[in-house]
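Me: I would like to learn how to read a structure like this one, feature by feature. Could you take me through it with the general idea and then the case at hand?

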Amino acid sequence: MKEGGGNRSRELFARAKKVTPGGVHSPVRAFRAVGGTPIFMASAQGARIQDVDGKEYIDYVGSWGPAILGHAHPEVVDAVRCVAGKGLSFGTPHEGEVELAEMITRMVPGLEKIRFCNSGTEATMSCVRLARGCMGRTKIIKFAGCYHGHSDALLVAAGSGALTLGRPDSAGVTEGAAQDTLVLPFNDETAVEAAFAEYGKEIAAVLLEPVPANAGLILPAKGYLHFLREITRKHHALLIFDEVMTGFRLAPGGAQEIYGIRPDLSAFGKVIGGGMPVGAFGGRAEVMDFLAPDGPVYQAGTLSGNPMAMAAGLAQLKVLARGDVYKKLEKTGKALEVMLAQEIKDSGAPATWVRIGSMFCLFFCPAGLVIRNLQEARRCDTQAYSLFFHSLLDGGVYFPPSQFETCFLSAAHGDGELELTRTALRQALRHKA
Ligand SMILES: *Cc1c(COP(=O)(O)O)cnc(C)c1O
């Protein structure tokens, strides 16, 4: 097994482990799923990231999604510099919040009101509380493999790090906290019909990643999202799209724009903060007005609407709103897909890929398998992924350190980056233990 980082990374990791559980502040970063030592990064520009030992990588993690324009985009960095000198946090309303809220509600159809918080976790947690408070019902439907952050009620059959650790449910989450969360397989209409038949009047909301991207990358079957829209409407339950990953990533209006669905509530994070810690949730005004101080559902945050975070988000969304970024991402995505297909075919590696826009995943799974849910994703060969991952690292390409994560392209990935990727990929797909 390859080590991963160089000497300086190993030194820092040894120090980190003494003062922090597992040496990391978010579990997937520890490389447990692929083995070896996590790489400590020192800086990043555009599509490239540099580690503390001076090695450079083409980055396909993009800080797990936010870096859609590439790292340290000059307009985003300037915006943060400009507001930082005027005070880092006021704890009062300010103009930046209004501007970003106006921008987001303009760009996402059907989003009438929005509230900012500090993470995707807070956004989805608050959506669930709001749905329960507004509907006067207790149960939530979620789907196995969908990750909605780490709040208690949603840390049940979650994807991402929880899945990677092979512990889909966390210790410390009580049965009480999880008992109103019904977990169903994704892309299975019958399961949802059965749940509504049994619990119809108790179900406050159906919550999902419209394009699940925390169990590898899974596409919704044709008509599935429309089916969820109809069945929730019929049973007077809310439909909540967790667009923390897909929002402003797949299109200005996220997955809901692409698939033509209007959810009642949506959660955002990642891209809307331009790399700063931000979450947000929003939806129809009549639902959002249940929030305090107008309504009875409490939700708050000392640093919510932080001026630097608002400035970074606004600057990033302004670049995205100019319109040609998504075309460029699709073009690069298509080129990458053609390359993946060719290299997989030539190498004879038992792998397949899924792509939507600038998101993609390479699954080491039985050839021809179309992955529709978590159960199927789990059939892939995680050992083969580990070898592939470390070989790519050697070749200067940084993929996510787990089979169950999605890769991201940025607008800064160009032909040069793709060519370097091809060379590393060719070698990695032929790599044998
Ligand atoms: C990343 C993610 C979250 C959690 O966001 P944090 O900012 O890490 O709390 C929630 N939902 C989805 C779909 C995500 O990808």
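Reply: Let us begin with the domains: the centres of domain 1 and domain 2, taken over C-alpha atoms, are separated by 25 Å. The assignment gives domain 1 as 7-72 + 323-429 and domain 2 as 74-321, with bounds that come from an automatic or database domain assignment. This is a predicted model, in which local features need pLDDT of at least 70 and side-chain atom pairs count only at pLDDT 80 or more, while totals for chains, interfaces and linings use all residues. Residues are numbered from 1 along each chain as its sequence is written, and side-chain values use heavy atoms, with hydrogens and water left out.

Me: How many residues does each domain bring to the contact, and what area do domain 1 and domain 2 bury between them?

Reply: The size of an interface is often given as the accessible area lost when the parts come together. Here 35 residues from domain 1 and 35 residues from domain 2 take part in the contact, where contact means heavy atoms within 4.5 Å. The two domains bury about 3,000 Å² between them, 67% of it on carbon and sulfur atoms; buried area is the accessible area (1.4 Å probe) that two parts lose on being put together, summed over both. Of the area that domain 1 buries against domain 2, Tyr326, Ile356 and Leu374 supply 21%, more than any other three residues.

Me: Which polar or charged pairs are counted between domain 1 and domain 2?

Reply: Side chains of opposite charge can pair when their charged atoms come close. Across this interface the rule finds zero salt bridges, a salt bridge being a side-chain nitrogen of Lys or Arg within 4 Å of a carboxyl oxygen of Asp or Glu. There are, however, nine residue pairs in polar contact between the domains, both residues at pLDDT 80 or more; a polar contact is a pair of N or O atoms within 3.5 Å, and within protein one must be able to donate a hydrogen and the other to accept it, while residues adjacent in sequence count only if both atoms are side-chain atoms.

Me: Where in the structure as a whole do salt bridges occur, and what parts does the pair of Lys113 and Asp289 tie together?

Reply: The structure holds 16 salt bridges, and in one of them the side chains of Lys113 and Asp289 meet at 2.9 Å, N to O. Lys113 lies in strand β4 (residues 113-117) and Asp289 in the loop between α10 (285-288) and α11 (307-321), so the pair ties together parts that are 176 residues apart in sequence. Helices (H or I, at least four residues) and strands (E, at least two) are DSSP runs, numbered from the N terminus.

Me: What is the order of the strands in the open sheet of four?

Reply: Strands of a sheet pair through backbone hydrogen bonds, either parallel or antiparallel. In this sheet the order is β1-β2-β3-β13, with mixed pairing, where two strands pair if DSSP finds at least two bridges between them. β1 (41-45) and β13 (397-398) stand at the edges with a single partner strand each, so one side of each is left without a neighbour in the sheet. β1 pairs with β2 (residues 48-51) in the antiparallel sense over four bridges, and Ser43 stands opposite Gln50 in β2.

Me: Which backbone angles deserve a second look at Ala72 and Pro293?

Reply: Most residues other than glycine have a negative phi, and most peptide bonds are trans. Ala72, in the loop between β3 (56-59) and α2 (74-84), has a positive phi of about 50 degrees although it is not a glycine. The peptide bond from Ala292 to Pro293 is cis, with omega near 10 degrees, and Pro293 is found in the loop between α10 and α11.
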